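Hi everyone, thanks for coming. Let me put the sequence and the model on the screen, and then we'll walk through the contact between the chains.

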Amino acid sequence: MIEIEKVHKSFKDLEVIKGVDLTVQKGEVVSIVGGSGSGKSTLLMCINGLENIQSGSIRVDGTEVHAKGTDINKLRQKIGIVFQQWNAFPHLNVLENVMLAPRKVLGKSRAEAEELAVKQLTHVGLADKLKVFPGKLSGGQQQRMAIARALAMSPDYMLFDEATSALDPQLVGEVLDTMRLLAEDGMTMILVTHEIPFARDVSDRVAFFREGLVHEIGPPDQVIDNPQKPETAAFLKSVV
Amino acid sequence: MFSTGFTFSTSFTWNDLLFLLQGAWVTLLLTFWSMLLGTFMGVSCGLLRALLPRATIPLGWFLDIFRSVPLLIQFVLFNSLKSIVGLDWSAFTVGCVVLGVYVAAFCTEIVRSGVLSVPQNLRLASRSLGMTYWQDLRYVVMPLATRVAFPGWLNLSLSAMKDTALVMWIGIIELLRASQAIVTRIQEPLLVLCIAGLIYYLISLVVSRLGAQVEKRWQQND
Ligand SMILES: Nc1ncnc2c1ncn2[C@@H]1O[C@H](COP(=O)(O)OP(=O)(O)O)[C@@H](O)[C@H]1O
Ligand SMILES: [Mg+2]
């Protein structure tokens, strides 16, 4: 369970997150939609401690992310994150990209890590690209590789930050399909996305983010099909 | 003028070539040791400069001195300092140390910009996988920075090789000094300097060919 309580986050004088409350249950898929600059990416970074927070608390399975004594590297092992920009390690081939963290962080043997990596890469449809370097992959393939790389750590949670926004339109589908499979497998996920139909399809709840706050949250047939707040309706109109 | 043992010759002999090659060997040794020392220090200082930019600003100023003062002045100054302080170092050691520090000052900048060239995204990606700061540095930042820094480092080693010529001012007989000695005797500056130049060229050629091989291996991945 991810519990976000009254979180405030500023970059210098700029307050980006202004008291967000959000709880994500085990097995739940929550989508976050909202305008650019509303603090969606920042919130995801706070959840796995890539960014600090000014006040409030974020707990993952009861562990306080930003507490002094927390072993943040240990915590991150169970929170996978996929960013908007493809961030394959360019000096490693696809297989090595996926094997790196299981080997170095989980201390798996080469054989174990390879087996794990091949399994995940097969899952995302890259079984025939194991020895290829990321520079030779399409954006969609790189993004699927990034998903496999995160899954190889056997995370309990997956965070997606506009995983398809930087892709050519014809490549969006393959990445969304991969994410959909993951949701159907029961992975607990938080997705920041502009793909509204996709969000409606896979989410248990949708949160509309506005100016650093959760402006409206509820099941997709409420927030997307029948928004209660005029700002939510206006935003949805602007992205469709 | 007389020579003992064999007849004095006013043409370029096999012995002269041998003498030049001995000088070239000294040049190579000087280059090797100063690059080893300079790279070791440069990598350490460059990492510090990139990872702790604020705290190491004074280090940057300090290294700027070595980058801006002509190397010849550094050789002569250090050599006199050595006598004043009473250090019992050979001229060769002095040569390696002064050139090594000079190399370190440039190497620091090469390493620093290499490290800074690694996109922040990649570092976030590795940290988000649970890698520690040091694992990220070791397995992601360093390999990528090495690729960026390598061509600059190779250039540095070639220019260090040429800069070794300046150690003759503190009494070491390396390639250029050896050729001057022969010029004085046989009065054929063009011939001798061409041969010395050719030796420098051949050394550089080997070094840059080896470097190109390394870079090609990396580029195949891009
Ligand atoms: N590292 C940072 N330093 C300073 N400001 C930042 C940083 N990251 C994000 N911001 C600012 O925080 C605000 C929210 O950004 P972000 O979380 O990326 O929004 P979103 O993902 O919803 O588009 C923006 O105004 C952005 O400029
Ligand atoms: Mg964003």
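**Where chain B meets chain A**

Chain B and chain A bury about 2,000 Å² between them, with 66% of that coming from carbon and sulfur atoms; buried area here is the accessible area, for a 1.4 Å probe, that two parts lose on being put together, summed over both. On the chain B side, Ser128(B), Leu129(B) and Asn221(B) supply 29% of the area that this chain buries against chain A, more than any other three residues.

A word on conventions: this is a predicted model, where local features need pLDDT of at least 70 and side-chain atom pairs count only at pLDDT 80 or more, while totals for chains, interfaces and linings use all residues. Residues are numbered from 1 along each chain as its sequence is written, chains are lettered from A and ligands numbered from 1 in the order in which they are written, and side-chain values use heavy atoms, leaving out hydrogens and water.

Counting residues in contact (heavy atoms within 4.5 Å), we get 20 from chain B and 25 from chain A. What about salt bridges, meaning a side-chain nitrogen of Lys or Arg within 4 Å of a carboxyl oxygen of Asp or Glu? Across this interface the rule finds zero, although the whole structure has 13 over all chains. One of these joins the side chains of Arg59(A) and Glu5(A), at 3.0 Å from N to O. That pair links strand E4 (residues 55-60) of chain A, which holds Arg59(A), to strand E1 (residues 2-11) of chain A, which holds Glu5(A), and the two residues are 54 apart. Helices (H or I, at least four residues) and strands (E, at least two) are DSSP runs, numbered from the N terminus.

Finally, the cavity. On a 1 Å grid over the protein atoms alone, that is a set of points where a 1.4 Å probe fits but cannot get out, and lining residues have an atom within 4 Å of a point. The structure holds one cavity of 30 Å³ or more, and the largest cavity has about 80 Å³ of space, a volume being the space filled by probe spheres set on the points, which are joined across faces, edges and corners. Which residues lie nearest its centre? Among the 15 that line the largest cavity, they are Gly80(A), Ile81(A), Ala150(A), Ser128(B) and Leu129(B).

Note on methods:
1 Å grid on protein atoms, 1.4 Å probe; cavity = no way out; pocket = protein on both sides within 12 Å on 5 of 7 lines; lining within 4 Å.
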